[in-house]
Structure formats: structure tokens, C-alpha cells
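Me: I would like to learn how to read strands, their pairing and their surroundings in a structure that is new to me. Could you take me through it step by step?

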Amino acid sequence: MGKVYVFDHPLIQHKLTYIRDINTGTKEFRELVDEVASLMAFEITRDMPLEEVEVETPVRKAKSKVLSGKKIGLVPILRAGLGMVDGILRLIPAAKVGHIGLYRDPETLQPVEYYFKMPSDIKEREFIVVDPMLATGGSAVEAINALKKRGATNIKFMCLIAAPEGVEAMKNAHPDVDIYIAALDEQLNDHGYIVPGLGDAGDRLFGTK
């Protein structure tokens, strides 16, 4: 059964306050999202398996640990998820990056996949799907559906801010997926925005309206 992890690290919470602030401009917002993604990546990789190797230090030979070759795939949900990729890659530079593009059908209001590009060894990788916001959960659920349909079996989801409704939707649709959150907010409003949230993450990252 998938678990929900809410990170209470002081540095994450401090930076998240400035990410929320309406007065934070595009440049600073982008830098802060990047930094929080790095800090969250530090936590999300805590259970990665290690193996023992022998190295020669300037003093003598020693047994030490390295990651045991687990292949990681980062999957930003376009477009806002792009803002979290570089921060994670700084810690896991060998990770491959796939992309999923979704748009909301104006008639059904359901997410529709328009772009999907992944590493070829999709069945062998542990995937971390990233998006700054988990609101209704529709995009995240559909992105993970798309990965599973192509053979992915080991998937985690990471976001900055989530609404309880989105978390429930994810748990119901993908009970095997762990969810990593920097803040769990109060609710969604009538327009599907997270309250208090941070507004539109994509617009604030890229300076669009």
C-alpha cells in the first residue's frame, strides 16, 4: 500500500513560504522551486539500496558504500513539472528524464495525453513523477496510468503542495504509489485551485498569465 509523506524539514518549510508569497517574482520563484526539489530529492532517495565496494584511500584500502545500480527515471508533467527537474538532477545526475504532456478536454474536463517520451528501458527503472501541485489529482493519476500502460511498475510521485482531494484521488487510483509532499493544504476552491496554495505554478515559473 502506498504511503503519503509530508516533509516537515525546516529548510523546505522556510523556502515554501517564499514560494507561496504573491510578491515573489519569477526569477526567485524558479530558484526556490529548484532548491526545494533538491531538498525533497534528498529525502525521497533515503531508501535507495547500497552495495559494498573496496576503495583505496590515501591511508589504506577501505570498504565503503555505493548505490547498487538502481536506474532512476524522472518524469515531469508538462509544463510546471519542468521547474523541479534540475534540482533533482543535481543530486541524481545519472537519472534519465522522460516527459508526459497532458491537457484538459474542455468538454469532459478529463486530462488527455498529448506527449509521451520515456527511456527505452521503462520496465527496469524506478520512476519519480514530479509536478509542483496535486490539486484534483487528475493529471497525476493519468500520468501514472500512462507509465503503467507502458510497463512501469515502480513509481513514486513528488509535489510541493497537495490538496486532500488530490491525495485521495491518487490513493484510490494508484494505491501502490508513494506520495511525497512538502505541504498538505486545506482544500480545493470552486475553480479547482488549492487553498491557500501558491496560484498557478506554471505561470509563476515561466512568467506567463
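Reply: What follows goes from strand pairing to burial and then to a surface patch. This is a predicted model, in which local features need pLDDT of at least 70 and side-chain atom pairs count only at pLDDT 80 or more, while totals for chains, interfaces and linings use all residues. Residues are numbered from 1 along each chain as its sequence is written, and side-chain values use heavy atoms, with hydrogens and water left out.

Me: How many bridges join strand E2 to strand E3?

Reply: Strands are DSSP runs of at least two residues, helices of at least four, numbered from the N terminus, and two strands pair if DSSP finds at least two bridges between them. Here E2 (residues 50-56) and E3 (residues 61-67) run antiparallel and are joined by seven bridges, with Val-53 having Ser-64 in E3 as its bridge partner. Four residues lie between the two strands of this hairpin.

Me: Which strands run parallel to E11?

Reply: E1 is joined to E11 by three bridges in parallel, and Val-6 stands opposite Ile-181 in E11. E10 (residues 154-162) also runs parallel to E11, through six bridges, one of the pairs being Lys-156 with Asp-178.

Me: Is E11 mostly covered or mostly open?

Reply: Buried means under 20% relative accessible area, exposed over 50%, and partly exposed in between (1.4 Å probe, protein chains only). In E11 (residues 178-184), six of the seven residues are buried. Val-4, found in strand E1, counts as partly exposed because its relative accessibility is 32%.
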